[in-house]
Amino acid sequence: RSGFVATGSKTDEFENQFGEMIGNPNVIATNSCSSAIALALSLAEIQPDDEVVCSALTCLAVNESVLQTGANIVWADIDPDTGNISPESIQSRITEKTKAIVYSHWVGRLAEIEAINKIADEYQLKTIEDAASALGGEYDGKPIGSHSDYVTFSFQAVKHITTGDGGMLAVKTFSERERAILLRNHGNDRKAKRSPLTLGFDVHEAGWKYQMNDISATLGIGQLKIFNRLKETYNKNSQIYELRLKNIPGLKILKEYPKASSNLWVFTILVENQEDFVKKMQEHQIGCSIIHPRNDHFSIFDPFQNNNLPNLDYFYNHMMNLPVGWWLSEETTHKICDIITNGW
């Protein structure tokens with residue numbers, strides 16, 4: 001009825017509502033989180049042969065986006081108590097060629113943002129924060145979305161909220177938002193005054209087709225209306241796991257940083273006898289997995305194998321992820337805990 005299916009008023013409305021929710025009006029809706037990351041890397045002016053410090057424990061899309069810039073990836077180790085990139089390891093990897101730090105919040109458990117930003121400030125580096133799985137989290141009393149130079153979100157099919165597929169980029173300033181809006185649509189200014197003989201604008205910087213459309217944005221607007229209820233369910237299920245699994249032999253629960261309040265996407269535990277645990281869960285038809293294979297094991301990253309990552313080695317060989325989503329009732333979550341407490 002609006003007359004629009006491409007980028008239009010509903011995309012603007014979704015951006016406005018999302019910006020209000022995270023306390024940052026400088027947001028740009030995209031057709032995927034991968035596109036949002038690519039935009040962030042472009043805004044950060046990452047060039048071939050620059051060095052970017054990254055974590056190998058994340059979605060492939062994150063580090064593949066860095067790879068496509070031509071930059072050299074330098075793997076930092078993780079904190080084995082959280083799965084997140086280690087600030088101490090970041091510091092040890094920085095050289096005169098380092099231009100940025102790219103990191104994710106491991107399946108929604110917030111990273112140590114303050115320590116990472118302190119390092120970035122000290123060395124004048126850009127920070128790109130992948131919050132694809134962290135929507136609804138808060139750090140130091142502020143919603144995720146304004147702590148770093150660039151923050152990306154995902155609305156892919158199975159995330160906290162979905163637009164079918166889609167993403168959002170949050171930046172620090174209005175001017176960067178305006179630049180990103182142009183870049184997400186080949187440099188075209190859709191708000192320029194047009195005539196039958198001219199589009200009313202010039203193109204000064206080549207971009208991509210990364211914009212969200214109004215169909216997806218309308219789904220997003222609907223999802224925002226129920227997000228608080230969805231978040232409450234995620235948190236209740238997470239709390240049940242925290243309470244029921246904290247003293248199980250052969251199992252360890254991850255920690256939360258003091259200033260962090262996470263909205264977990266899935267619930268990571270560290271278990272002894274990983275294969276036996278999976279077998280036990282499968283016998284009871286409970287979904288569990290590692291979620292993301294460590295990126296440094298993919299062949300495309302073979303040129304970047306110079307780092308020792310002992311914490312990641314340990315974590316990867318013990319981690320397992322359990323569901324916490326809105327589709328799980330409290331009763332079902334307790335049943336999962338009952339099965340785990342009986343051993344594997």
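Me: Let's start with strand pairing. Which residue in β3 is the bridge partner of glutamate 51?

Reply: Happy to help, and keep in mind that this is a predicted model. Glutamate 51 has asparagine 72 of β3 as its bridge partner. That pair belongs to a longer story: strand β2, residues 51-55, is joined to β3 by five bridges, and the two run parallel.

Me: How does the chain get from β2 to β3, and what is the handedness of the crossover?

Reply: Follow the chain out of β2 and you go through helix α3, residues 60-67, before arriving at β3. This β-α-β crossover is right-handed.

Me: Is strand β3 largely enclosed or open, and why?

Reply: As a general idea, side chains in a regular strand alternate between the two faces of the sheet. Now for the case here: β3 covers residues 72-76, and four of its five residues are buried, so the strand is largely enclosed by the rest of the structure.

Me: Now the open sheet. What is the order of its three strands, and is the pairing parallel or antiparallel?

Reply: Reading across, the order is β7-β6-β11, with antiparallel pairing. The edges are β7 (142-143) and β11 (260-261), each of which pairs on one side only. Between β6 (residues 138-139) and β11 there are two bridges, and these strands run antiparallel. To find the spot on screen, look for tyrosine 139, whose bridge partner in β11 is alanine 260.

Me: On to helices. How do α2 and α6 pack, at what angle and how far apart are their axes?

Reply: The general idea is that two packed helices are described by the angle between their axes and the distance between the axes. Here, α2 (residues 33-43) and α6 (residues 174-183) pack at about 120°, and their axes are 11 Å apart. That angle makes α2 oblique to α6. The crossing of α2 past α6 is right-handed.

Me: Which residues of α2 and α6 meet there?

Reply: From α2, look at Leu39, Ser42 and Leu43. Their counterparts in α6 are Glu176, Arg179, Ala180 and Leu183.

Me: One last feature, backbone phi. Which residue in the loop between α2 and β2 should I look at?

Reply: Most residues other than glycine have a negative phi, and most peptide bonds are trans. In the loop between α2 and β2 you will find glutamate 45, whose phi is positive, near 60°, though the residue is not a glycine. Asparagine 273 is also not a glycine, and has a positive phi of about 55°. Look for asparagine 273 in the loop between β12 (266-271) and α8 (274-283).

Key:
Residues are numbered from 1 along each chain as its sequence is written. This is a predicted model: local features need pLDDT of at least 70, side-chain atom pairs count only at pLDDT 80 or more; totals for chains, interfaces and linings use all residues. Side-chain values use heavy atoms; hydrogens and water are left out. Buried means under 20% relative accessible area, exposed over 50%, partly exposed in between (1.4 Å probe, protein chains only). Two strands pair if DSSP finds at least two bridges between them. A crossover is right-handed if, with the strands pointing away from the viewer, the path from the first strand over the helix to the second runs clockwise. Axes are lines fitted to C-alpha atoms, for helices over the stretch in contact, and angles run from 0 to 180 degrees between N-to-C directions. Angles under 35 degrees count as roughly parallel, over 145 as roughly antiparallel, 65 to 115 as roughly perpendicular and the rest as oblique. A crossing is left-handed if the near helix is turned anticlockwise from the far one by less than a right angle, and right-handed if clockwise. Contact means heavy atoms within 4.5 Å.
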